[in-house]
Amino acid sequence: MNIPIWNLKKQNAILGWKLVLPSIFIIGILIIYPIMSNVFLSFYDVKMVGDNTFIGFNNYFNIITDPDFFNSLFTSIIYVLSTTIGTTLLGLGVALVMNKEFKLRWLARSLILLPYIAPVISVVFAWKFIFDPVNGIFMHITVENLHLFSERFNLIGDPKYSLIVVIVFSIWKNFPFAYLMLLGTLQSIDTSCYEAADIDGASARQKFYYITLPYLKFVLGSLIILRLIWNFNKFEEVYLLTTSVKVLPVYTYFKAFTGAFEMGQGAAIALIQFFILIFFILIYVKKVLKW
Amino acid sequence: MKKNFIVFLVLLFLIIGNIGVFAGGGSETTTTEEPVEFEFWVSQTESDRLATIKVIAETYMAMNPDITIKVISVEENDLPQNIQAAVSAGNIPPLLELGAENAINFGSEGIIDLDMTLELINDIGLNNFYKGALELVETPQKGTYYAVPFHGWVQGIWYRTDWFEEAGLEPPGTWETIEKAAEYFYDIDNNQYGILVGTTEENYTEQCFTQFAISNNARIFDKNGNVVFNSPEMREAVEYYTNLAKFNPPGPQTWRARDYYLQGKMAMFFYSTYIMDDLAILENAAGSLTGDNFADLTGTDFDPDLADKTGFVPIISNTDDSSYGVIVALALTEQENEAVSQAARDFAKYLYTNDAYITWLHMAPGGMNPVLKGISDDPDFLNDPKGLYNNYGEEKMNEIISGLSEIKRFGIVEGNVIEAYGDIFSQNIIPQMIYKITQQGMDIDSTMDWAESEIEKIVGN
């Protein structure tokens, strides 16, 4: 039987649509609708009971005139940059070490994954116990035993140190992901490349820069971009550990869901956050990755 | 004609049914015919308390097979956002157990069924309630209420009587004695602290601060609802409080730090009468935590006699006396379905019958005190499972419970309810101010200006 090619193409196209339609439907309901609803809300004064009033760009105006917004934007930027650089570098370092042969390597490899696998809430509580100013082991050792500090202080709660703690926590918790991705790529590099380099008399550093790094380039690029997105939107790790660090998502939460429920303003911040993220990512992709 | 007769019969039947309910008083039958299911949000989060509440609900369901009640636990701090979500989704639960502040807040948002609430209060008997408790949930239009008072606690300073005696210090009841003792016992080098007052951006901070501010006649509003926040009295209170916080354990602190007291590392702490329960548990635990049963535990700081060495001061004095407490109430919300409304109301009424009420209050003896007159003398009530009331004695208990009538709040000035205070409370303006000063090192005057402008913004809305 002869079926004209154009007809076959058409049928293929129809089949394709049929196959993707359920996903489009689900994505539409779960992602597109909430986003559109969010955009819509950001132009309204949202009331708990009764009709919302259209107030144009007032929500946006209120936010960009709020000094707390810029503080939290600044905090967010520091948090995202430090954690992204930290997780990537630590992940890379550990992956390079774990790529070498040594005894009990299998054990070390699985232990490294623990922080990433453990549920956030349990790890957060463990950290809180460790750094508790009165009962924690950290203060006991550093103040009473080693006399590194003159007196006990609240490392996690005190706003002076809490941003650093949150950054260290995030790096410690998330570096195994970078490590896992990088180790996988490292293992796929053909050893003959290094053998050839050895014959040419290349140093260890030259081998790293001219063989390892080019191989890792795309994985590193993706890791950085994913970490940027994830950590810019990170809420639970920060909020559970301390409320002293107000990164943008935590700021949004306090605006939208506590006190007077500025849902409209919350929606507007979320949208601003979205555009800031898009802006940074575009710059990163165009200028840094040159994709 | 025949149809009218049937309608008449049905009406007659319903009316007789209703009379049965009222005449029976304690006997719990309802007029609901259709199966009704509703959620009951409670602010209790401890698993043993939830288990008790579920037993009470199941007892009621056994008596009323058409009714299904789902008990849902919502932490008080999370209640506003959960209610917000429920309102947006259009499935707000008909019955809530919540603090009076939240009740006023939700009431001013228009989600409370005021008629049904008044009806329930009248059913139970307006005069059966302590007046002070009812005042805390009254609407600005006197005579109607945002919720039905259910139980309550008073707050005060709990302190180590043995330490105070040894040091020759007076019990901490005035600004002077409190500050002196806090400074005296603060010894960070030996991991010992003077006092615990709230410094986080949470309700607890406001609870502690309110008592000090009002004891200095410092108010947020005058009786007409005008903002009088930035007064010399308020500045004194803020200065005193933030200075007192220097004798806290390091960093921002909240009620959870009471554990340091239980460990014998703190001289005083602010807490509600709920701690009586915890101290009693500690005492009960003493028997099982001896070295005989758990060899590993010998040598720990556990002090089985802590409850006996703990004193309580409910009233703080400076230029005025002030006590602080919270009334927890039951709120009936506006519902589209009349049957659900009715069922929730009937269940709420059941919760005030002696058996159910005393069972509920016994979940936390000392913490949950009756708001109905006559209960505190009831032998069933005084015979709590933990033997706490016998321990503290009837007189002491009555003193604590009577404190419920004397509670002073920022939101009620000379008997007038200031609705705007609900928003100020739930936005944690005062705790934020305390946090900025004590933790971020901001200066008192500019932070008070900031707080005043935030308050003005809320009042302006």
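This is a short talk on chain B of a predicted model, and on where chain B meets chain A.

Okay, confidence before anything else. The predictor gives the complex an ipTM of 0.79 and a pTM of 0.77. For chain B, the mean pLDDT is 84, and 86% of its residues reach 70 or more. Two stretches need a caveat. Over residues 5-30 of chain B, pLDDT stays under 50, and the model has 15 contacts beyond four places in sequence for that stretch. Residues 287-300 of chain B also stay under 50, with seven such contacts.

Now the overall layout. Chain B has 20 helices and 12 strands, and of its 461 residues, 45% count as buried. If you take the contacts in chain B between residues at least 6 apart in sequence, 75% of them join residues at least 24 apart.

The chain is split into two domains, and both are discontinuous in sequence: domain 1 is 28-146 + 325-405, and domain 2 is 156-323 + 416-460. Their C-alpha centres lie 28 Å apart. Where the two domains touch, 19 residues come from domain 1 of chain B and 16 residues from domain 2 of chain B. On the domain 1 side, which element gives the largest share? That's α4(B), with four residues. By class, that side of domain 1 has seven nonpolar, nine polar and three charged residues.

So let's stay with α4(B). That's residues 100-109, and eight of its 10 residues are buried, which means the helix is largely enclosed by the rest of the structure. The buried ones are B:A100, B:E101, B:N102, B:A103, B:I104, B:N105, B:F106 and B:G107. And what covers them? The cover includes α3, β3 (95-99), β9 (324-332), β12 (416-417) and α18 of chain B. Right after the helix you get B:G110, whose phi is positive, near 85°.

That brings us to the core. The largest nonpolar core has 134 residues, and the members touching the most other members are B:A103, B:V137, B:A147, B:M268, B:A329 and B:A331. Notice B:A103 there, which we just met as a buried residue of α4(B). The element giving the most to this core is β9(B), with eight residues. The core also draws at least three residues from each of domain 1 and domain 2 of chain B.

If you want one residue to click on, try B:A331. Not counting residues up to four places away in sequence, B:A331 touches B:L96, B:L98, B:A103, B:F106, B:I112, B:Y146 and B:A147. Two of those partners, B:A103 and B:F106, are on the list of buried α4(B) residues. There's also a second, separate core of 41 residues, and among its members are A:I63, A:A95, A:F131 and A:L248.

Next, the other end of the chain. Helix α19 of chain B, residues 429-438, is mostly covered, with 10 of its 10 residues buried. The buried set includes B:Q432, B:K436 and B:T438, along with B:I430, B:M433 and B:I437. The elements covering them include α9 (203-215), α10 (232-244), α18 (420-426) and α20 (444-460) of chain B.

Since α9 and α10 came up, have a look at the loop between them in chain B, which is where B:N217 sits. Is B:N217 buried or partly exposed? B:N217 counts as partly exposed, because it has 15 C-beta neighbours inside 10 Å, and the cut-off for buried is 20 or more. Leaving aside neighbours within four places in sequence, B:N217 is in contact with B:E233, B:T319 and B:D320. B:N217 and B:T319 are 102 residues apart in sequence, yet 6.9 Å apart in space, C-alpha to C-alpha.

Last thing, the contact between the chains. It takes 24 residues from chain B and 18 residues from chain A. On the chain B side, the elements giving two or more residues are α3 (79-89) and α18 of chain B. The most comes from α3(B), with four residues. The chain B side divides into nine nonpolar, 10 polar and five charged.

And α3 and α18 should sound familiar: both are among the elements covering the buried residues of α4(B). Okay, that's the tour.

Methods
Residues are numbered from 1 along each chain as its sequence is written. Chains are lettered from A and ligands numbered from 1 in the order in which they are written. This is a predicted model: local features need pLDDT of at least 70, side-chain atom pairs count only at pLDDT 80 or more; totals for chains, interfaces and linings use all residues. A residue is buried if 20 or more other C-beta atoms lie within 10 Å of its own, exposed if 12 or fewer, and partly exposed in between; C-beta atoms are placed from the backbone. Ala, Val, Leu, Ile, Met, Phe, Trp, Tyr, Cys and Pro count as nonpolar, Asp, Glu, Lys and Arg as charged, and the others, Gly among them, as polar. A nonpolar core is a set of buried Ala, Val, Leu, Ile, Met, Phe, Trp, Tyr and Cys residues joined through C-beta atoms within 7 Å. Domain bounds come from an automatic or database domain assignment. pLDDT is the predictor's confidence in each residue, from 0 to 100.
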